[in-house]
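Welcome! Here is a short briefing to help you find your way around the structure below. Keep it in view as you read.

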Amino acid sequence: MTPPPTIAPARPELVSDGFPQRRPRWIELVTSADHKDVGRIFIVSALGFLFLAVVELCLMRLQLAVPENTFLSPVTFNRLLSVYGATAIFLFAIPLAIGFFNYVVPLQIGARTTALPRVGQLAVWLYLLGSAILYVSFVFTPPEAGVNPIPPLSELTFMANNGVDVWLSAVGMICLGYVLWAISMIATLRMLRAPGLAWRRMPPFAWAAAVSSWLLLVIGPIMLAAITMLMIDRNFNGVFFSGDAGGAPLLWQHMTWIFYNGAYMLILIAAFGAIAEIVSTFSGKPLFNRAAVMIAFGAIALFGTLAWVQNMYSTPVGIGWDYFAMLMAMLTAVAIGVVIFNLLATLFGGALRIWAPLLFALGAISTLSIGLSGELVQSMVAVGWQLHNTTDATGATHYALVGAAVFGGFAALYYWFPKITGRTMGESLGRASFWLMLIGANVAFLPLFLAGLKGEPVDVY
């Protein structure tokens, strides 16, 4: 007699001796290559370095608030100044923009992740390692050659300690990470867009990420080359920037100001991309002229970077370079004007909901307008000759960067915080923080214009 056939159960059974232990969240975060986790690390780290930058800036302003003050020693002031410049640009403003790009853009274009997730993970760790090197140097020898260690001041003859080498090593690692991130983002936007999503149809923030990535891929290697050349000069008897040995001392300024001008434009483009999304959402209207804004982003990146000689009016460069920089600055102002006009036209006639993201966006537009107006005035050769290296230039730059990186960054943070965390930020606290920040920015930086007109030099103890 044959046995009855065996009937398999309708649902397969899983037999296990135990469930795997779930790793702590912080271990998953630091070992993850997911674009969301990488973006979170960039954003949180950048906000932490914003706090440090504000502390350093306040200490320096307290020293300069009273004549003949002895609150800080000259060496301490120079060290704070050197670290503050790197913190504000390399550790806060750029990585905050990169963090939002890395988190939001793959979601906007319909990609599950970035095209090169391990490259993005390497980028964030190079950023963190460079940041740690810069601040651990306070235990040994921190840099003290200024925001931009210009030769011959940064050569061994005048700076025999290792502070400049620390700055070069830290900033070099961070720049390398940014270049790797740019490669990853360009590959993502090129290969992983959803079917039918043409370049011209991308959201403004995704288009801003595309322009910023290509810009960073151009200016990043230039900064890395300058850093490598100065390291060779200091440690291996190189002569790249040594005028006595046939080098070109101004070459460092040309190469680094190309990077700084490009980074400036990157921060503006990222802020404008986020603000464009915010004003469209909270006015209930599409962007007034999408094509014009997209073209303007490209023009800002190109013309703004080409105006690097605007920072060198007091150097012995040919007058033709000065007028070329002035022309590029004026073209950049036209492109920025197109973007601001479109943002205001989008708000006009809309059903406005004045929530915290829109408040910060409006604060960014107003603060940016003040700073960029000052930058435009100083781009005029005759005015630039008079006001270069004064606090007037510092006031305009800080107005623009605070408007873009701080107000624009907080607008993006309030706007995408529910997407990132699943929670909304407090509206009442958001409004209070906005007004405090707006008042504080004007109290801090408006007097710099007046002091600069009276001839107060910048970055001097």
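**A first look around**

Gly350 sits in the loop that links helix H9 (319-347) and helix H10 (356-379). Please keep in mind that this is a predicted model. From that loop, we move on to salt bridges, a buried charge and a nonpolar patch.

**The loop at Gly350**

- Gly350 and Phe282 are 68 residues apart in sequence, yet their C-alpha atoms are 8.3 Å apart in space.
- Leaving out residues up to four places away in sequence, Gly350 touches Ser283 and Lys285.

**Salt bridges**

- The structure holds 4 salt bridges, and three of them are introduced here, starting with Arg40 and Asp37, whose closest N and O atoms are 2.8 Å apart.
- Both Arg40 and Asp37 belong to helix H2, where 3 residues, about one turn of the helix, separate them.
- The two partners differ in exposure: Arg40 is partly exposed, with a relative accessible area of 23%, whereas Asp37 is buried at 7%.
- Glu144 pairs with Arg79 in another salt bridge, with 3.1 Å between the closest N and O atoms.
- Glu144 is in the loop between helix H4 (117-136) and helix H5 (163-191) while Arg79 is in helix H3 (residues 74-108), so this pair ties together parts that lie 65 residues apart in sequence.
- Glu144 counts as buried, at 16% relative accessibility, and Arg79 is partly exposed, with a relative accessible area of 26%.
- In helix H13 (residues 427-453), Arg431 and Glu427 are 4 residues apart, so about one helical turn separates them.
- The side chains of Arg431 and Glu427 form a salt bridge of 3.5 Å, N to O.
- Arg431 counts as partly exposed at 32% relative accessibility, and Glu427 counts as partly exposed at 28%.

**A buried charge without a salt bridge**

- Asp392 is part of helix H12 (residues 391-421).
- Although buried, Asp392 has no salt bridge, and the nearest side chain of opposite charge, Arg61, is 12 Å away.
- What joins the side chains of Asp392 and Gln378? The link is a polar contact of 2.5 Å.
- Setting aside neighbours within four places in sequence, the contacts of Asp392 include Leu387, Leu448, Phe449 and Gly452.

**A nonpolar patch on the surface**

- Phe51, Leu52 and Val55 make a nonpolar surface patch of about 260 Å².
- Leu52 lies in helix H2 (residues 35-65).
- With a relative accessible area of 31%, Leu52 is partly exposed; patch members need over 30%, so Leu52 meets that cut-off.

Note on methods
Residues numbered from 1 in each chain as written. Predicted model: local features only at pLDDT ≥ 70, side-chain atom pairs only at ≥ 80, totals over all residues. Heavy atoms only, no water. Patch = residues over 30% accessible without salt bridge, like charges linked within 9 Å, V, L, I, M, F, W, Y side chains within 5 Å. Areas by Shrake-Rupley, 256 points an atom, 1.4 Å probe, with all protein chains shown as cover. Helix = DSSP H or I, 4+ residues; strand = E, 2+ residues; numbered from the N terminus. Buried < 20%, exposed > 50% of the residue type's maximum accessible area, 1.4 Å probe, protein only. Lys, Arg positive; Asp, Glu negative; His and termini not counted. Polar contact = N/O pair within 3.5 Å; in protein donor to acceptor, adjacent residues only side chain to side chain. Contact = heavy atoms within 4.5 Å.
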